[in-house]
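Visitor: Hey, I've got a protein up on my screen and no idea where to begin. Could you walk me through it?
Guide: Sure, let's bring it up and talk it over.

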Amino acid sequence: MEIINFDVYGDDRGSLISLEHFKNIPFNIKRVYYIFNTSSGVSRGFHAHINLRQVVIAIKGKCDFHIDEGRGMEVFTLNSPCRGVYIDKLTWREMHNFSDDCILMVLASENYDPSDYITNYEEFKGMANVKVR
Ligand code: T46
């Protein structure tokens, strides 16, 4: 997991951020999706991916990320369009405490593939331990 701070191009009209593969995004972007209208009190995620790598940006509002790369859970808040979190393959993620206005934009290294999900935390920890060792 790595927090990426983006360069902001601002002038008297406002601000602009550009996302480009191999400049500030560490993979070729094959898919973009966004998550919005998350109901109050709802949490999302609760899985890892076998191959997928992603950068997640809270382009509006905020939510808390719980991330485990095999060494235990780290918690942080995504609350700025000026930075994103890079989530590598074999990383467990949960998203909690969405603000009503939260919009999460996600850049993904692969097309959508349901068979790439690991939804069992114990199975994930077994696979991550092999990677960490
Ligand atoms: C992640 C967080 C931030 C698609 O049809 N295409 C897609 O590209 C995606 C991502 C999802 N879907 C379908 C599959 C489910 O029926 O949309 C529904 C919700 O997807 P999911 O349960 O995977 O959503 P989250 O919010 O739990 O997790 C997603 C990503 O899967 C995950 O990799 O990091 O957003």
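Guide: We'll go through the pocket, a sheet, one residue and the cores.

Guide: Keep in mind that this is a predicted model.

Visitor: Okay, pocket first. How much space lies in the largest pocket?
Guide: About 290 Å³.

Visitor: And which residues lie nearest its centre?
Guide: Those are Y33, H47, H49, Q54 and Y117. The whole lining of the largest pocket comes to 22 residues.

Visitor: Which strand gives the most to that lining?
Guide: That's β5, with 4 residues. At least two residues each come from β4 (31-35), β5 (44-49), β6 (54-60), β10 (92-96) and β11 (103-108).

Visitor: How do the lining residues divide by type?
Guide: There are 11 nonpolar, 5 polar and 6 charged residues in the lining of the largest pocket.

Visitor: New topic: sheets. In what order do the strands of the open sheet come?
Guide: The order is β8-β7-β10-β5-β12, so 5 strands in an open sheet, with antiparallel pairing. At the edges you'll find β8 (73-78) and β12 (117-118), each pairing on one side only.

Visitor: What actually holds strands together in a sheet?
Guide: Strands pair through backbone hydrogen bonds, and they can be parallel or antiparallel.

Visitor: Can you zoom in on one pair?
Guide: Take β7 (residues 63-68) and β10: they pair in the antiparallel sense over 5 bridges. If you look at H66, its bridge partner in β10 is E94.

Visitor: Now R44. Where is its place?
Guide: R44 is in strand β5.

Visitor: Why does R44 count as partly exposed?
Guide: Because its relative accessibility is 37%, and partly exposed covers what falls between under 20% and over 50%.

Visitor: What is R44 in contact with, leaving aside its neighbours within four places in sequence?
Guide: I35, T38, E94, M95 and F98. Also check H96: it is 52 residues from R44 along the chain, yet their C-alpha atoms are separated by 6.8 Å.

Visitor: Last thing: how many residues has the largest nonpolar core?
Guide: It has 15, and V56, C63, F65, L78, M95 and L104 have the most contacts inside it. β6, β7, β8, β9 (83-87) and β11 each supply at least two residues of this core, and β7 gives the most, with 3.

Visitor: Is there a second core somewhere, and which residues does it include?
Guide: A separate core of 9 residues includes I4, F6, I25 and F27.

Visitor: And L104, what does that one touch?
Guide: Leaving aside neighbours within four places in sequence, L104 is in contact with several residues, among them Y33, V56, F65 and M95.

Note on methods:
Residues are numbered from 1 along each chain as its sequence is written. This is a predicted model: local features need pLDDT of at least 70, side-chain atom pairs count only at pLDDT 80 or more; totals for chains, interfaces and linings use all residues. Side-chain values use heavy atoms; hydrogens and water are left out. On a 1 Å grid over the protein atoms alone, a cavity is a set of points where a 1.4 Å probe fits but cannot get out, and a pocket is an open set with protein on both sides within 12 Å along at least five of seven lines; lining residues have an atom within 4 Å of a point. Grid points are joined across faces, edges and corners, and a volume is the space filled by probe spheres set on the points. Ala, Val, Leu, Ile, Met, Phe, Trp, Tyr, Cys and Pro count as nonpolar, Asp, Glu, Lys and Arg as charged, and the others, Gly among them, as polar. Two strands pair if DSSP finds at least two bridges between them. Buried means under 20% relative accessible area, exposed over 50%, partly exposed in between (1.4 Å probe, protein chains only). Contact means heavy atoms within 4.5 Å. A nonpolar core is a set of buried Ala, Val, Leu, Ile, Met, Phe, Trp, Tyr and Cys residues joined through side-chain atoms within 4.5 Å.
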